[in-house]
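User: I would like to go through this structure and ask why each label is used. Please set the values against the rules as you answer.

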Amino acid sequence: MKENQMDFKFTDEQLALKKAYQDFFREEMAKAPPAIAQGGDSIYDSDEAWEFNRYMSKRLVEKGWLTMAWPKEYGGLDASIMDQMIFSEVQASFGAPGVDVFGVKMFAPTLMLFASDEQKARLLPPISSAEVVYCQGWSEPDAGSDLATVQTLAVKDGDFYVINGQKLWTTGGHRADHMFALVRTDPNEKRSRGLSVFNIDMSIPGVEVRPIKFLNGAHIYNEVFLTDVRVHESELIGPEGEGWQLTRATMNFERSGIGGFVSAVKTIEALVSYMKTTKRGGKYLYEDSELRRRVAKLYAEAQAGLALCYRIGWNQETGGLAIAPHAASESKVYGSEVGQRLYNLGTEILGMLGPLSHSKWAKLNGKMIEGYQSILIATISAGTSEIQRNIIAWAGAELPRFK
């Protein structure tokens with residue numbers, strides 16, 4: 001690779017590695033229960049899906065792939081971030097679980113950048129060996145996209161902090177062992193000042209998890225109540241009051257993922273196969289030039305998204321983990337909106353059969369309607385598209401901020 005230029009062509013070694021990943025997931029996913037077929041957050045819903053997710057975590061640890069890009073001293077292989085990106089692409093293409101998004105992909109990189117040596121030695125190995133599972137304690141009833149307004153309060157009491165407050169929309173909180181939480185340690189400061197990050201054991205007294213179930217009964221999200229929770233000062237990550245800096249870095253790790261675009265490509269390919277084998281009005285759907293154009297445009301958008309993700313990975317590899325925030329925001333906002341366009345079009349193409357999922361008449365295993373119903377939140381969760389565009393404007397284009 002030349003300086004400031006990315007080579008999009010894989011090396012022979014990377015191609016061989018990609019094949020090894022594919023062979024592994026092809027064999028393991030043949031054992032997956034039906035409950036795992038929905039992919040994504042469905043692993044948190046049923047016990048069957050969760051058990052298979054934990055099984056896959058252990059298998060990835062055995063292969064050395066769960067945290068391959070980590071330093072060896074923390075349980076990694078010192079592999080390149082590009083090797084990790086290839087792994088993530090293949091994993092997503094098979095819809096395979098096993099990687100704790102919150103612990104492995106978000107909290108652990110934050111620890112590597114900001115934690116003390118003692119904290120790294122204590123907290124990273126259990127994550128790399130899949131002994132613990134994390135959830136994210138960010139959103140609150142009055143603090144979502146405007147995360148800097150969190151009000152959960154931590155008050156110093158000797159060697160401990162006493163935490164009181166409520167977290168909302170906590171994905172997988174009922175399955176997690178620990179939570180990394182953003183809380184306010186200085187109530188006299190406003191917004192992003194006076195915030196701190198804590199590692200909270202979900203089993204200690206005062207932590208209560210209540211389910212927020214979907215209309216279909218699925219249990220993925222939760223609200224978490226913290227009542228006089230005593231957390232030792234050794235669980236404060238980074239300096240007190242500097243939590244916003246840590247959280248912004250964590251946001252970048254969350255949003256530089258590749259899985260969404262891989263899923264989009266696979267869904268488009270399935271849609272194309274449907275169009276080639278389905279007639280309407282005496283003609284195959286693919287013979288409609290307007291439909292072909294719209295599907296081709298979406299495919300090009302998804303491929304562009306994959307290239308953007310690899311670019312982010314390359315920037316991390318050449319410039320360090322602390323990438324520019326606007327790059328991650330570009331991926332997040334673009335990916336969520338591509339997903340919405342895809343499922344809107346896919347449901348339209350299926351026509352009258354599009355809304356069916358649990359029926360013998362359902363097409364594409366009901367994937368389109370399930371995606372159509374869930375994708376609306378994509379431009380809201382993990383930071384709205386409006387917030388992402390602000391970050392792109394301020395940090396990327398260096399436009400002035402207006403108060």
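Analyst: Begin with one rule: a residue counts as buried when its relative accessible area is under 20%, as exposed when over 50%, and as partly exposed in between. Note also that this is a predicted model.

User: Why is Cys-309 called buried?

Analyst: Cys-309 has a relative accessible area of 0%. The limit is under 20%, so Cys-309 is buried. Cys-135 also has 0% relative accessibility and therefore counts as buried.

User: How many disulfides does the structure have?

Analyst: A search of the whole structure finds zero disulfides. To count, a pair of cysteine sulfur atoms must lie within 2.5 Å. In general, a disulfide is a covalent bond between the sulfur atoms of two cysteines.

User: What makes Tyr-21 and Phe-87 an edge-to-face pair?

Analyst: Under the ring rule, the count for the structure comes to 18 aromatic pairs. For Tyr-21 and Phe-87, the ring centres are 5.3 Å apart and the planes stand at 85°. Centres must lie within 6.5 Å to pair, and planes over 60 degrees apart count as edge-to-face, so both conditions are met and the pair is edge-to-face.

User: Which parts of the chain does that pair tie together?

Analyst: Tyr-21 belongs to helix H1 (residues 12–29) and Phe-87 to helix H3 (residues 81–93), so the pair ties together parts that are 66 residues apart in sequence. Tyr-21 is at 1% relative accessibility and so counts as buried. Phe-87, with a relative accessible area of 1%, is buried too. Tyr-21 and Phe-87 also belong to one aromatic cluster, together with Phe-24, Phe-25, Trp-65 and Phe-94.

User: How do you know that Trp-169 and Tyr-221 form an aromatic pair, and of what kind?

Analyst: The distance is 6.1 Å centre to centre, with 80° between the planes, and the pair is edge-to-face. Trp-169 sits in the loop between E3 and strand E4 (178–184), while Tyr-221 is in strand E7 (residues 219–232), 52 residues apart.

User: Is Trp-169 buried, exposed or partly exposed, and why?

Analyst: Trp-169 has a relative accessible area of 48%. Values between 20% and 50% fall in the middle class, so Trp-169 is partly exposed. Its partner Tyr-221 has 16%, and is therefore buried.

User: Where do E2 and E3 pair, and in which sense?

Analyst: Strand E2 (residues 153–157) and strand E3 (residues 160–167) pair in the antiparallel sense, over five bridges. At least two bridges are needed for a pair, so the five between E2 and E3 meet the rule. Leu-153 has Asn-164 in E3 as its bridge partner. E2 and E3 form a hairpin with two residues between them, and Gly-158 in the turn has a positive phi of about 65°.

User: How many cavities of 30 Å³ or more are there, and what lines the largest?

Analyst: There are two cavities of 30 Å³ or more. The largest has a volume of about 50 Å³, and its lining includes Arg-54, Asp-100 and Ile-127. By class, that lining has six nonpolar, two polar and two charged residues.

User: What lines the second largest cavity?

Analyst: The second largest cavity, with a volume of about 30 Å³, is lined by Phe-107, Thr-110, Trp-138, Phe-180, Val-197, Thr-247 and Thr-250. Helix H4 (101–114) and helix H6 (243–255) are the elements that give two or more residues to this lining. The lining residues of the second largest cavity divide into four nonpolar, three polar and no charged.

Terms used:
Residues are numbered from 1 along each chain as its sequence is written. This is a predicted model: local features need pLDDT of at least 70, side-chain atom pairs count only at pLDDT 80 or more; totals for chains, interfaces and linings use all residues. Side-chain values use heavy atoms; hydrogens and water are left out. On a 1 Å grid over the protein atoms alone, a cavity is a set of points where a 1.4 Å probe fits but cannot get out, and a pocket is an open set with protein on both sides within 12 Å along at least five of seven lines; lining residues have an atom within 4 Å of a point. Grid points are joined across faces, edges and corners, and a volume is the space filled by probe spheres set on the points. Ala, Val, Leu, Ile, Met, Phe, Trp, Tyr, Cys and Pro count as nonpolar, Asp, Glu, Lys and Arg as charged, and the others, Gly among them, as polar. Helices (H or I, at least four residues) and strands (E, at least two) are DSSP runs, numbered from the N terminus. Buried means under 20% relative accessible area, exposed over 50%, partly exposed in between (1.4 Å probe, protein chains only). Rings of Phe, Tyr and Trp (its six-membered ring) pair if their centres lie within 6.5 Å; planes under 30 degrees apart count as stacked, over 60 as edge-to-face and the rest as tilted.
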